[in-house]
Amino acid sequence: MSNIAVGIDIGGTKIAIGLVNERGEVTAKSSLKTDLALQPSDMLGQVADEVRRLAESAGLTLQELKGIGVGAPGPLNTRTGRLTCPPNLKSWWDYPVVERLGDLLPLQVRMENDATAATLAEKWVGAAQEAENFVFITISTGIGAGIYLHGKLITGSTGNAGDAGFMFLHPQGNISKEEASGYWERLASGTAIASQASELLGRDVSSKEAFDLAAQGDPLVSSLIDRVYTYIGMGCVSLINLLDPSKIVIGGGVSQVGEPLFSAVREYVAAHALNPSGRETLIVPAKLQQDAGLIGAAALVHCTY
Ligand code: ADP
């Protein structure tokens, strides 16, 4: 047996496939466009072909690989190995991913929600290596989170623990269309920021452009971004009060904004977390950006959790 695991990161736009060694290094990878017109079994057939090809070019037989880890979007059910109803993968609803991959490849398959897998990766080789109690948050197209407490990954009864993007922060909001929906990812994800900035300026604005305009002092966009920082802080405070982590690790595209976001969230947490130690929770950027999904998926094979 080699020290190489297969990581498969299933997403709405692409499926990344990689070989990852025991130090969390991606040694080979490829990616397929997620074709929603294809049946999931055909799509997974292509994924299996890619795994065979990557193994062969690494000079390994399939049997020499340590196993397959899959990170997939929720809602899913890790007990049954099925994707339940992920909004961006409608044709995959109720599809038995784990069983099908096990039929296609002679390897053990483990699957977790993608944010949960990324959490394990941050513990393994990322920004939370020394932490026994932390929460990972990804602020990207949506918002997801993973929970690691008492030295263990917390996955819940069906693998859906950490769907923090659906914590209700503002149920009666009526300030804008987005805020009226009230849940965290409708208020503070990259998608929500772009949509609110576009509504404000009457043209298409990306979330990156919204942050740039705020940094240049645009008054309208600045107040939107300040509100977004407050919402990110509110979500963090709720997680801190609920779970008592020593650290929060924030990743995902929106976290690329960097210091302005992190200092605003630290300030909010210092002012609003309930208990004094909670107010001092470390708020740090994720270490794994590129290939985080692949490393997370492979962590499911390399790490005990
Ligand atoms: P995914 O959701 O597919 O995992 P990402 O983590 O890259 O993808 O997140 C994509 C979101 O992050 C988009 O809404 C995008 O506009 C936003 N984003 C990406 N880079 C930046 C940046 N530098 N500043 C602000 N927002 C960004």
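**Exercise 1. Classify Glu-132 by its exposure and locate it in the chain.**

Solution. Glu-132 has a relative accessible area of 42%. Buried means under 20% and exposed means over 50%, with partly exposed in between. Glu-132 is therefore partly exposed. The structure under study is a predicted model. Within this model, Glu-132 belongs to the loop between α3 (114–125) and β9 (134–139). From Glu-132 to Phe-262 the separation is 130 residues in sequence, and the C-alpha atoms are 22 Å apart in space.

**Exercise 2. Determine whether His-302 is buried or exposed, and state which backbone atom lies 2.9 Å from a polar atom of its side chain.**

Solution. Begin with the position: His-302 is part of helix α11, which covers residues 292–302. Next, consider the relative accessible area, which is 16% for His-302. The cut-off for a buried residue is under 20%, so His-302 is buried. Finally, the atom sought is the backbone oxygen of Val-20, which lies 2.9 Å from a polar atom of the His-302 side chain.

**Exercise 3. Describe the overall dimensions of the protein chain and judge how compact it is.**

Solution. The protein chain contains 11 helices and 13 strands. Its radius of gyration is 20 Å, whereas the globule rule gives 19 Å for 305 residues. These two values are close, so the chain is as compact as a globular protein of that length. Along the principal axes, the C-alpha atoms fill a box of roughly 60 × 45 × 35 Å. Of the 305 residues in the protein chain, 55% are buried.

**Exercise 4. Identify the strands that pair with β1, and explain why β1 is described as largely enclosed.**

Solution. Strand β1 comprises residues 5–10. One partner is strand β2 (residues 14–20), joined to β1 by 6 bridges in the antiparallel sense. The two strands make a hairpin, with 3 residues between them. Another partner is strand β4 (residues 68–72), which pairs with β1 in the parallel sense over 4 bridges. Ile-8 illustrates both pairings: its bridge partner in β2 is Ile-17, and its bridge partner in β4 is Val-70. As for enclosure, 5 of the 6 residues of β1 are buried, so the strand is largely enclosed by the rest of the structure.

**Exercise 5. Give the strand order of the open sheet that contains β6, and name its edge strands.**

Solution. The order is β5-β6-β7, and the 3 strands pair in the antiparallel sense. The edge strands are β5 (76–77) and β7 (95–96), since each pairs on one side only. Between β5 and strand β6 (residues 82–83) there are 2 bridges. Leu-76 stands opposite Leu-83 in β6.

**Exercise 6. Characterise the shell around the ligand and the polar atoms that approach the ligand.**

Solution. Start with the composition. The residues that surround the ligand include Ser-140, Gly-190, Lys-208, Phe-211 and Gln-256. By class, the shell has 3 nonpolar, 8 polar and 1 charged residues. Turn next to the helices: α6 (190–201) and α7 (207–215) each supply at least two residues of the shell, and the largest share, 3 residues, comes from α7.

Then examine individual atoms:

- A polar side-chain atom of Thr-141 is 2.4 Å from an oxygen atom of the ligand.
- An N or O atom in the side chain of Ser-207 is 2.8 Å from a nitrogen atom of the ligand.
- A backbone N or O atom of Gly-253 is 2.9 Å from an oxygen atom of the ligand.

Lastly, the ligand on its own has 570 Å² of accessible area, of which the protein covers 58%.

Key:
Residues are numbered from 1 along each chain as its sequence is written. This is a predicted model: local features need pLDDT of at least 70, side-chain atom pairs count only at pLDDT 80 or more; totals for chains, interfaces and linings use all residues. Side-chain values use heavy atoms; hydrogens and water are left out. A residue is near a molecule or strand if one of its heavy atoms lies within 4 Å of it. A polar contact is a pair of N or O atoms within 3.5 Å; within protein, one must be able to donate a hydrogen and the other to accept it, and residues adjacent in sequence count only if both atoms are side-chain atoms. Accessible areas come from the Shrake-Rupley method with a 1.4 Å probe; for residues, only the protein chains shown count as cover. Ala, Val, Leu, Ile, Met, Phe, Trp, Tyr, Cys and Pro count as nonpolar, Asp, Glu, Lys and Arg as charged, and the others, Gly among them, as polar. Two strands pair if DSSP finds at least two bridges between them. The radius of gyration is taken over C-alpha atoms; the globule rule is 2.2 Å times the number of residues to the power 0.38. Buried means under 20% relative accessible area, exposed over 50%, partly exposed in between (1.4 Å probe, protein chains only).
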